[in-house]
Structure formats: structure tokens, C-alpha cells
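Visitor: I have a structure to look at. Please walk me through it.

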Amino acid sequence: MSKTVARQAPTEVSTAAPAFRVLIVDDDPDMLGFLAHMLRGEGMDAETAADGTEGIAMVQAAAPDLVLLDVMMPGVTGFDVCKRLKSDEATAMIPIVLVTSLEDSGSRVQGIEAGADDFLSKPVKREELIARVKTLRRLHETRRELESGRLAGEIQNREAIRSAFSRYVSPQLAERIIADAGEEGELFSSRAQRVNVVALFADLRGFTRITESTEVGSVVDMLNEYFTILTDAAYHHDATIFNMAGDSLLVGFNVPFPQEDATRRAFLTAQEMVSRFAPVARRWKDNYGLATGVGIGICMGEAILANVGSPHYTSYTIIGNPVNTAARLMQTAPANEVLMCGTVYEEIQSLLPAEAVEPRGEVTLRGKQEPIAVYALRIPVTE
Amino acid sequence: MKHDAYTVTVAKDLADLIPSFMDNRRKELETLRAAASASDFDELRRLGHRMKGAGSSYGFDLVSTTGKTIEDAAQSGDAEAVKACLAIYEDYLAKVEIVYE
């Protein structure tokens with residue numbers, strides 16, 4: 001059987017809108033020719049398939065806007081094609097007009113059961129053909145407009161979410177949060193959750209000297225340069241930024257999504273923060289005579305993850321022992337040093353160069369009752 | 001019933017499709033004859049059904065009515081009725097004149 005595929009651009013249509021595409025499936029070449037001729041006369045694109053199998057293949061290859069489908073075809077019948085297309089999610093929305101014999105009311109019942117959207121009697125009256133196809137084209141256009149409006153709204157909503165949350169989390173994480181948000185758009189649970197978190201606190205050694213000895217404008221520029229490096233390093237390893245105050249930064253791992261290698265990520269982040277800040281520290285030393293460097297504390301354990309605040313101001317926060325401990329560790333860490341609790345050390349031990357690690361033994365941190373094992377890691381930087 | 005002449009009025013815009021349409025009818029007559037000789041009523045019914053759909057769509061009402069008669073006759077296995085239809089159809093195809101407007 002020969003296949004006739006002919007697209008004919010309507011001469012009088014000058015708009016850029018794509019033509020309405022109709023696929024005609026019929027085993028009679030004369031019917032194919034007749035129907036295609038009529039539709040092209042109305043400025044539509046008409047493609048033809050000579051049997052059911054070819055019709056299904058053509059729909060799957062490039063979904064048309066409408067299918068005109070003959071019922072009585074040898075092999076795969078029109079009912080078969082209809083059922084097949086209507087049961088596939090990808091093609092179920094394509095309207096199907098079954099072309100049936102005028103007197104055959106049984107076919108119509110069967111057609112409705114197969115999911116047909118409309119019927120056309122054979123022999124075909126051109127007025128009836130045009131009227132039915134035009135009605136379906138209008139429906140199609142309305143649906144397309146509604147759909148593009150809905151999509152535009154959805155995109156706008158997602159962009160708003162993205163811009164709000166990309167301040168706290170890495171762009172990749174923001175994508176994942178949006179993807180996981182679901183249709184309700186609930187991003188972070190409003191209820192507090194208990195989670196295992198790896199908390200990393202970093203701050204700038206020598207910062208007090210900067211604020212005392214440098215003019216205000218420069219302090220802000222310097223802080224911005226410092227925080228840019230730290231947040232870049234955090235995003236680089238998919239940390240979530242929870243707090244930025246003065247010269248200190250709190251980031252968390254394993255939140256809001258589990259990260260198998262959370263402690264490793266924390267170590268890599270700390271390393272990147274220190275080593276990437278080192279050249280800046282050298283420049284500041286040359287320009288202002290300041291001794292600066294990043295000090296870091298890392299601890300892990302159970303914490304509470306929640307939106308905390310008043311109706312006017314809320315902050316997405318982690319609260320709990322590991323956060324407090326990381327803060328205390330950071331306070332005692334000198335420049336270019338990472339202090340970590342024993343649990344973190346045990347998990348990343350294999351990644352650390354033995355000569356750079358110094359066990360500090362059991363330490364009772366300020367404000368804590370129980371002593372904890374503390375390990376110090378020197379990050380080598382060229383002075 | 002045979003006539004001296006048959007005149008069919010066809011929409012002008014279909015003119016380009018008519019030579020192929022008429023060619024297909026003549027081939028169809030041969031296929032119908034072969035099916036009738038073989039008493040292949042399934043094939044006769046299929047061909048009759050197809051004639052019924054295409055004929056009037058183009059403006060050839062007699063093709064449709066003949067097709068329906070063949071379809072019904074084949075359905076009831078009436079070889080004589082089929083034979084009579086084929087004689088009329090042959091006469092029609094030989095004499096039909098087409099007027100475009």
C-alpha cells in the first residue's frame with residue numbers, strides 16, 4: 001500500500017502559528033485523497049496513513065492535533081487504533097473522529113466505548129466534515145491557550161521559589177526542592193523535624209582588628225569578598241546555609257535532603273573555604289597589614305530543623321547540640337584550622353592526611369557539661 | 001437498470017482527484033468480478049462497503065448505492081444479485097459523464 005504524506009502550506013495564511021495538523025487513517029486511497037483535499041482547503045496540514053498500524057506509528061512519531069479514523073480497515077481496525085491511542089497517556093488527549101457508515105449505529109456505540117471524541121458519517125458531506133473539524137480545532141486552540149496560561153503561572157511560581165531559596169541553598173539543591181515540592185507547593189515542612197545533621201561553623205580570625213582599623217566601606221567590601229568565597233565553597237558541596245552573622249557562617253549537611261556522604265562533604269567544604277580564602281588573606285596582609293584566616297568547627301548529631309520566628313520574620317534554622325558544639329569548636333579554632341568532634345573524625349578519618357591531624361583528647365567545651373573527643377586538622381596554606 | 005447515459009455533477013475543486021478516482025473504479029470492477037467468480041463474499045462485502053463510502057463523497061451517488069446493494073447481497077450470499085449489480089456498474093462506468101461546477 002502506498003503512503004501519501006503531503007503537507008501543503010495554506011496560501012492565504014500568513015501568521016507564524018503552526019497549522020492545525022490532521023492525520024487521516026483510511027485504507028481507501030480515494031477517501032484519503034478526498035479528506036486530505038478538503039482539510040488542506042481549510043488551511044490545515046493533512047497527513048495520511050493507509051492502515052491502522054501505520055496510523056499508530058505516525059501518531060507516536062509526531063502527535064497530530066486531530067485524527068480522522070476510518071473504522072472498517074483490514075487488520076488493525078479503527079476501534080483498535082482508537083483504544084490504543086486513548087489508553088496511552090502520551091496520545092490520550094488527541095481528539096479522534098471516527099468515520100463510520102451512516103446507517104451503522106452499532107459502530108457509534110462501539111466507537112464511544114473505544115473513546116472516540118466525535119463521529120463523521122460516510123459518505124462524507126463536505127459541510128459536515130468542515131464543521132466537525134473546525135469545532136474540534138477551536139476546542140484544541142482553547143485548550144492550548146489555557147494550557148500555556150497555566151504553564152506560564154507555574155513557571156512564574158517556580159521562579160519565585162527558586163529566587164527565594166537560592167539564597168539559602170545551592171542552585172542544584174534549589175532545583176531538587178522545587179522538584180520535590182509537589183503540586184501543593186509545600187517546600188519545607190512547617191512542622192519541626194528531628195534530623196541528623198552535620199553542622200559546620202566558619203568564621204574569620206582577625207575580624208575584630210579589621211573593624212577597628214579599616215574604614216567602613218572597605219569592611220563591607222572585605223566581608224562580601226570573604227562570604228562570597230565561603231558560600232561558593234558551601235554551594236559547591238551542596239550545603240544548606242542557615243545563618244550568616246557578623247563574620248560567621250553556619251551551614252548544614254544532610255538537610256533538608258539526606259546526603260550519604262555528609263561528613264565528607266563537610267570536610268571538603270572546610271578545606272575549600274580555608275584554601276580559597278588563603279590568597280585573599282595574603283593580599284589583605286600586604287595591603288592592610290592584617291593577619292586573617294578562616295577557623296572552622298564541625299560537629300554532627302541530632303538537631304531540630306524548623307522555620308523559627310514570628311509571623312513577620314522567620315528563619316529556616318537548625319537548633320541543637322551539634323550546632324552549639326560546632327560553634328564552640330569554631331571559637332577555639334585558630335586560622336586555617338578545623339576542629340571537629342570525634343564522631344565526625346571517625347567517619348572521615350580515612351580521607352585525612354595523618355600528619356595533619358592532632359587529637360586534642362577529651363575536651364569540656366564552654367557551656368557544656370560532658371567532655372567530648374576533639375580532633376584538630378591543619379589545612380596547609382602557602383603563607 | 002441500465003441507462004443511455006449517466007451524468008454526474010462534481011465540485012470543481014475535486015477535478016484533479018477525479019482521473020485517479022475513475023481509474024480506481026475500473027480496477028475495482030475487475031476485483032469485484034474476480035471475487036464474484038470465486039464466490040468470495042467477504043471480499044465482495046468489503047469492496048461494496050468501500051464503494052458506499054467513497055462514491056457519494058465525490059458526488060457519484062450511484063457508486064454508493066451500487067456498493068450498498070453489493071454489500072447487502074454479499075452479506076446474504078446472493079450471487080445472482082451481485083451479478084446483476086456488476087452488470088449495472090459496468091454499464092455505468094462505461095457511460096458516465098462528468099460535469100464540473
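Visitor: Which residue stands opposite A:Asp70 in β4(A)?
Guide: This is a predicted model, in which local features need pLDDT of at least 70, side-chain atom pairs count only at pLDDT 80 or more, and totals for chains, interfaces and linings use all residues. Residues are numbered from 1 along each chain as its sequence is written, with chains lettered from A and ligands numbered from 1 in the order in which they are written. Strands β3 (residues 66–70) and β4 (residues 96–101) of chain A pair in the parallel sense over four bridges. Opposite A:Asp70 in β4(A) stands A:Val99.

Visitor: What is the order of the strands in the open sheet of chain A?
Guide: Strands are DSSP runs of E, at least two residues, and helices are runs of H or I, at least four, numbered from the N terminus. Two strands pair if DSSP finds at least two bridges between them. Pairing in this sheet of five strands is parallel, and the order is β2-β1-β3-β4-β5.

Visitor: Why is one side of β2 and of β5 of chain A left without a neighbour in the sheet?
Guide: From one strand to the next, the twist averages 20°. Angles run from 0 to 180 degrees between N-to-C directions, with axes fitted to C-alpha atoms, for helices over the stretch in contact. β2 (45–49) and β5 (118–122) of chain A lack a neighbour on one side because each stands at an edge, with a single partner strand.

Visitor: Where on α2(A) do the buried residues lie?
Guide: Buried means 20 or more other C-beta atoms within 10 Å of a residue's own; exposed means 12 or fewer, partly exposed in between, with C-beta atoms placed from the backbone. In α2 (residues 52–61) of chain A, A:Gly52, A:Gly55, A:Ile56 and A:Val59 are buried. They cover an arc of only 95° (taken over the directions from the helix axis to the C-beta atoms). That puts them on the same side of α2(A).

Visitor: Which exposed residues does the face turned away from that buried side carry?
Guide: The cover over the buried residues of α2(A) includes β1, β2, β3 and α3 (78–87) of chain A. The face turned away from the buried side carries A:Ala57 and A:Ala61.

Visitor: Which element gives the largest share of the side of chain A that touches chain B?
Guide: Contact means C-beta atoms, placed from the backbone, within 7 Å. On that count, 13 residues of chain A are in contact with 16 residues of chain B. The largest share of chain A's side, seven residues, comes from α1(A).

Terms used
Contact = placed C-beta atoms within 7 Å.
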